[in-house]
Amino acid sequence: MAYYWFKAFHIIGVVVWFAGLFYLVRLFVYHAEAAEQPEPAQSILKNQYEIMEKRLYGIITTPGMIVTVAMAVGLVWTEPEVMKSPWLHAKLGFVGLLLIYHFYCGRILKKLAANECQWTGQQFRALNEAPTLLLVTIVMLAVFKNSLPTDLTTWLLVALVVVMAASIQLYAKKRKRDKLKAAESIADNPA
Ligand code: HEM
């Protein structure tokens, strides 16, 4: 029974952790793009995003990560033979990458607050695709375990996820270009 409790809260932790990671980097996009605003809007926006990022990271994202890892320890502790499974070894490798991503976001947060981050909004948008790929891989491993499917349908699904991620990037780029064009045409024809 304890195993099911750990698993339930492991999944709840995963949901909270990822909600935090996705929203955090979206805030980084807005924070970076605030630099394009004139003063005093720029300073007001940057201060507001800094507060939101700090609270999100400290109150949602990091606790989500702690719950996920703590419950995973509980799962392994109640059923130690699971540690012998190759799928779990592969999963731990990807979880390691996810943890590096989590702490790297924490570093970016500090750099943004100190006005020392040179990343553009577009670069943050691209960065936000990394947890999506890790989420898909880790969940596939957790669900299919050692019989991860490699048939055509699976590859089509993987291709669909990649196409969707690329479309989001291209659409964001197009919107930015259109906005810039509109601003230029207003500047050229003020009347
Ligand atoms: C901290 C490292 C982690 C360890 C040691 C770990 C270990 C485990 C174990 C032992 C199970 C139970 C498997 C079963 O009984 O079927 C499990 C389930 C699961 N894990 Fe993890 N996990 C970790 C991190 C993660 C992360 C980061 C995610 C999501 C991105 C994740 C997603 C899941 C899901 C969705 C399940 C439910 C699978 C199912 O019931 O079919 N885990 N995990």
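Author: A residue counts as buried when its relative accessible area is under 20%, as exposed when it is over 50%, and as partly exposed in between. The model discussed here is predicted.

Reader: Why is threonine 68 called buried?

Author: Threonine 68 has a relative accessible area of 6%. The limit for buried is under 20%, so threonine 68 is buried. This residue belongs to helix 2. Beyond its neighbours within four places in sequence, threonine 68 has contacts with His10, Gly13, Val14 and Trp17.

Reader: What makes threonine 61 buried?

Author: Its relative accessible area is 0%. That value meets the limit of under 20%, and threonine 61 is therefore buried. Helix 2 holds threonine 61. Not counting residues up to four places away in sequence, threonine 61 touches Trp17, Gly20, Leu21, Leu56 and His102.

Reader: How far is threonine 61 from proline 40, in sequence and in space?

Author: The two are 21 residues apart in sequence, and their C-alpha atoms are 30 Å apart in space. Proline 40 is in the loop between helix 1 and helix 2.

Reader: What kind of peptide bond joins glutamate 39 and proline 40?

Author: The bond is cis, with omega about 5 degrees. Most peptide bonds are trans.

Reader: What makes the arrangement around the iron atom of the ligand octahedral?

Author: There are six donor atoms, and the angles they subtend run from 82 to 179 degrees. Six donors count as octahedral if opposite donors are over 155 degrees apart and all others lie between 65 and 115. The arrangement is therefore octahedral.

Reader: Which protein atoms are donors of the iron atom?

Author: They are NE2 of His10 and NZ of Lys91, at 1.8 to 2.1 Å from the iron atom. The cut-off for a donor is 2.8 Å. Histidine 10 is in helix 1 and lysine 91 in helix 3, 81 residues apart, so that the pair links distant parts of the chain. Both residues are buried.

Reader: How do you know which residues have polar side-chain atoms close to the ligand's N or O atoms? What is the distance for lysine 7?

Author: For lysine 7, a polar side-chain atom lies 2.9 Å from an oxygen atom of the ligand. The limit for a polar contact is 3.5 Å. An N or O atom in the side chain of histidine 10 is 2.7 Å from a nitrogen atom of the ligand. The side chain of lysine 145 has an N or O atom 2.7 Å from an oxygen atom of the ligand. The ligand is surrounded by 21 residues, with Tyr3, Lys7, His10, Lys91 and Lys145 the closest.

Reader: Why is lysine 145 called partly exposed, and asparagine 115 exposed?

Author: Lysine 145 has a relative accessible area of 36%, between the limits of 20% and 50%, so lysine 145 is partly exposed. Asparagine 115 has 57%. The limit for exposed is over 50%, so asparagine 115 is exposed.

Reader: Where are these two residues found, and what is their phi?

Author: Asparagine 115 is in the loop between helix 3 and helix 4, with a positive phi of about 60 degrees. Lysine 145 is in the loop between helix 5 and helix 6, and its phi is positive too, near 55 degrees. Most residues other than glycine have a negative phi.

Reader: How many residues are in the largest nonpolar core?

Author: The core has 26 residues, and Phe28 and Phe124 are among those with the most contacts inside it. Helix 1 gives the largest share, nine residues.

Technical notes: Residues numbered from 1 in each chain as written. Predicted model: local features only at pLDDT ≥ 70, side-chain atom pairs only at ≥ 80, totals over all residues. Heavy atoms only, no water. Core = buried A, V, L, I, M, F, W, Y, C linked by side-chain atoms within 4.5 Å. Buried < 20%, exposed > 50% of the residue type's maximum accessible area, 1.4 Å probe, protein only. Helix = DSSP H or I, 4+ residues; strand = E, 2+ residues; numbered from the N terminus. Donors = N, O, S within 2.8 Å, 3.2 Å for Na, K, Ca; no water. Tetrahedral: all angles 85-135°; square planar, octahedral: opposite > 155°, others 65-115°. Contact = heavy atoms within 4.5 Å. Near = heavy atom within 4 Å. Polar contact = N/O pair within 3.5 Å; in protein donor to acceptor, adjacent residues only side chain to side chain.
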